[in-house]
Amino acid sequence: MQERGEGIAAALADEPGAKTNGTPVVRAEQIHKSFGDNVVLDGIDLEVSTGETLVVIGPSGSGKSTLLRCINLLEPIQSGRIFFEGEEITKKGVRVDQVRQRIGIVFQQFNLFPHLRVMDNLTLGARRVKKMPRREAEERARDLLVRVGLPEKERSYPHQLSGGQQQRVAIARALVMQPHVMLFDEVTSALDPELVGEVLVVMRDLARSGMTMIVVTHEMQFAREVGDRLTFMDEGKIVEQGIPADVLDRPKQERTRKFLRRSLQMAHSLEELTITQEGEAE
Amino acid sequence: MDILASFEWSFIWENREELWEGFKNTMKASAIGIGGAFVIGLVLGAIRAHRIPVASQLAATYVEIIRNTPILVQIFFIFYFLPRVGVSLEPFTVAWVAVMIWGGAFNTENFRAGFEAVPQRLREAGLALGFSPFKTFLNVTLPVGGRIALPSSINTYISVLKNTSLMLVVGYAELTAVAYSIQANTFRTFEMFAVLAVAYLAIVWMLSALIRLLEARLRLPEAL
């Protein structure tokens with residue numbers, strides 16, 4: 001599988017944005033975000049360096065998906081600042097669409113365009129946003145389809161593919177734009193268990209190829225093996241972060257411990273769990 | 001069965017030139033009316049779906065006025081009232097303007113519903129690729145929502161075509177008006193109305209067949 005990782009690296013070799021100086025690719029300072037009275041992000045600080053894979057875990061409603069949506073400006077923030085390659089993108093007058101061209105995002109629900117074949121899903125952005133000639137865009141798209149293991153699906157419509165295949169197409173669609181960072185928003189949560197692996201493998205190879213990634217996930221094994229750093233979020237705050245194995249095996253904070261215990265993947269048996277007064281597994 | 005026994009095919013044949021002219025006039029007013037209704041529906045539907053301030057309220061008012069008044073009243077308004085404020089229109093202009101305004105209102109609703117049925121998450125996928133909001137509309141909301149709106153907007157186009165028959169009242173020589181005036185002069189009522197029935201059936205059938213082809217080509221391959 002290592003060759004495949006290098007394969008993606010080769011496909012992305014002409015990346016213009018592989019900055020190796022010290023500027024973090026993404027840096028967030030004291031982000032606050034609320035929906036009405038509901039505070040979703042309560043002072044988040046975050047930094048991702050070039051080539052790094054940051055994994056974000058936490059209970060549902062902890063704000064981790066919102067954090068990703070804020071980073072590529074799909075959600076406005078109330079206060080705080082977000083920098084992308086050293087440039088503040090949350091200030092007035094920033095061309096939001098131009099920033100988003102360099103930030104790839106993959107969604108839980110794939111969100112492929114239902115009226116377009118796989119090939120057109122992949123090339124739409126390159127052709128109509130980047131004004132890449134069709135030939136070049138298709139060449140790039142074919143390369144990426146090979147990398148995600150779907151070279152024979154370019155003429156298919158999204159609905160003809162399994163969830164795992166659709167999600168791999170969605171990853172390829174984001175990569176065609178040659179993003180400088182990839183955001184993954186619980187991309188395996190909507191998949192049947194047997195389809196999760198094929199998507200995680202593609203993401204692992206992408207991480208190994210040197211892509212900068214922020215991955216919101218419930219897949220603890222992935223976090224442990226692929227993540228360079230792990231962040232645990234709860235109630236809009238970063239509770240704990242560090243090397244994935246450290247956080248997962250030796251959590252310092254009680255809230256992290258509680259979350260990891262509740263998360264069935266970390267419990268050895270269902271017998272260890274009970275339902276608390278609040279209706280949570282404990 | 002006297003009426004059938006006295007049916008004279010030759011009478012229709014004798015008046016074929018006049019009827020053909022009427023048919024052509026029906027098609028002319030319909031074509032412009034349908035084209036205009038398409039454009040109005042598309043633009044105002046998009047404005048309504050995106051709740052663009054002021055324009056959206058104006059579009060809603062227009063739709064309500066047209067939907068809640070009989071088209072005959074609208075035709076009379078254009079034909080009799082507008083000249084009093086200095087806008088005097090030819091019967092042909094009244095014909096296509098009236099059906100266009102009528103169809104445009106109904107089509108605004110068709111397209112609004114279609115665009116609103118496009119899931120927000122698909123629009124976000126467009127934005128995430130770096131499309132501006134307007135280009136997201138052109139590349140995502142329009143092709144997906146337009147397909148959703150297609151069946152209902154087709155019904156509107158068929159109604160636009162049939163509504164041109166009301167232009168009888170403003171003296172526009174479309175098919176119905178021609179047939180009506182022939183039977184008024186000759187009392188060949190049955191022949192003329194038979195011609196009308198067959199002609200409209202044929203036109204609408206042809207239009208529907210054409211549109212079904214288009215629909216099949218454009219059909220969204222899945223439920224959203």
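**Exercise 1.** Is A:E254 buried, partly exposed or exposed, and what is its relative accessible area?

*Solution.* Note at the start that this is a predicted model.
- Step 1. Take the value for A:E254: a relative accessible area of 44%.
- Step 2. Apply the cut-offs: buried is under 20%, exposed is over 50%, and partly exposed lies in between.
- Step 3. Conclude that A:E254 is partly exposed.

**Exercise 2.** Find the salt-bridge partner of A:E254 and place the pair in the chain.

*Solution.*
- Step 1. The partner is A:R257, with the closest N and O atoms 3.2 Å apart.
- Step 2. Both residues sit in helix 10 (residues 254-262) of chain A. Because they are 3 residues apart there, about one helical turn separates them.
- Step 3. A:R257 has 32% relative accessibility, so this residue counts as partly exposed.

**Exercise 3.** Work through the salt bridge between B:R67 and B:E64 in the other chain.

*Solution.*
- Step 1. Start with the distance: the closest N and O atoms of B:R67 and B:E64 are 3.1 Å apart.
- Step 2. Locate the pair in helix 4 of chain B, 3 residues apart, which means about one helical turn between them.
- Step 3. Check exposure. B:R67 is partly exposed at 37% relative accessibility. B:E64 is partly exposed at 36%.

**Exercise 4.** Describe the salt bridge of A:E154 and A:R142, then the network around it.

*Solution.*
- Step 1. The two side chains meet at 2.9 Å, N to O.
- Step 2. This pair links distant parts of the chain, 12 residues apart. A:R142 lies in helix 5 (134-147) of chain A, while A:E154 lies in the loop between helix 5 and helix 6 (163-176).
- Step 3. A:E154 has a relative accessible area of 18%, so A:E154 is buried. A:R142, at 37%, is partly exposed.
- Step 4. Widen the view. A:D120, A:R127, A:R134 and A:E138 join A:R142 and A:E154 in a network of salt bridges.
- Step 5. Over all chains, the structure holds 33 salt bridges.

**Exercise 5.** Characterise chain A as a whole, from its secondary structure to its surface.

*Solution.*
- Step 1. Count the elements: chain A has 10 helices and 10 strands.
- Step 2. Chain A has 282 residues, and 56% of them are buried.
- Step 3. Turn to contacts between residues at least 6 apart in sequence. In chain A, 65% of these join residues at least 24 apart.
- Step 4. The accessible surface of chain A is about 12,600 Å². Carbon and sulfur atoms account for 45% of that surface.

**Exercise 6.** Which residues have the most contacts inside the largest nonpolar core, and which helices supply the core?

*Solution.*
- Step 1. The largest nonpolar core has 51 residues. Those with the most contacts inside it are B:L19, B:I75, B:F115, B:M167 and B:M192.
- Step 2. Helices of chain B that each supply at least two residues include helix 2 (9-14), helix 6 (91-116), helix 8 (133-163) and helix 10 (189-218).
- Step 3. Follow B:M167. Leaving out residues up to four places away in sequence, B:M167 touches B:I75, B:A95, B:A98, B:V99, B:Y172 and B:E174.
- Step 4. A second, separate core has 50 residues, among them A:M182, A:V196, A:L206 and A:M220.

**Exercise 7.** Locate B:T26 and list its contacts.

*Solution.*
- Step 1. B:T26 belongs to helix 3 (residues 16-49) of chain B.
- Step 2. The relative accessible area of B:T26 is 0%, so B:T26 is buried.
- Step 3. Not counting residues up to four places away in sequence, B:T26 touches B:T164, B:E174, B:L175 and B:Y200.

Technical notes. Residues are numbered from 1 along each chain as its sequence is written. Chains are lettered from A and ligands numbered from 1 in the order in which they are written. This is a predicted model: local features need pLDDT of at least 70, side-chain atom pairs count only at pLDDT 80 or more; totals for chains, interfaces and linings use all residues. Side-chain values use heavy atoms; hydrogens and water are left out. Helices (H or I, at least four residues) and strands (E, at least two) are DSSP runs, numbered from the N terminus. Buried means under 20% relative accessible area, exposed over 50%, partly exposed in between (1.4 Å probe, protein chains only). Contact means heavy atoms within 4.5 Å. A nonpolar core is a set of buried Ala, Val, Leu, Ile, Met, Phe, Trp, Tyr and Cys residues joined through side-chain atoms within 4.5 Å. Accessible areas come from the Shrake-Rupley method with a 1.4 Å probe; for residues, only the protein chains shown count as cover. A salt bridge is a side-chain nitrogen of Lys or Arg within 4 Å of a carboxyl oxygen of Asp or Glu.
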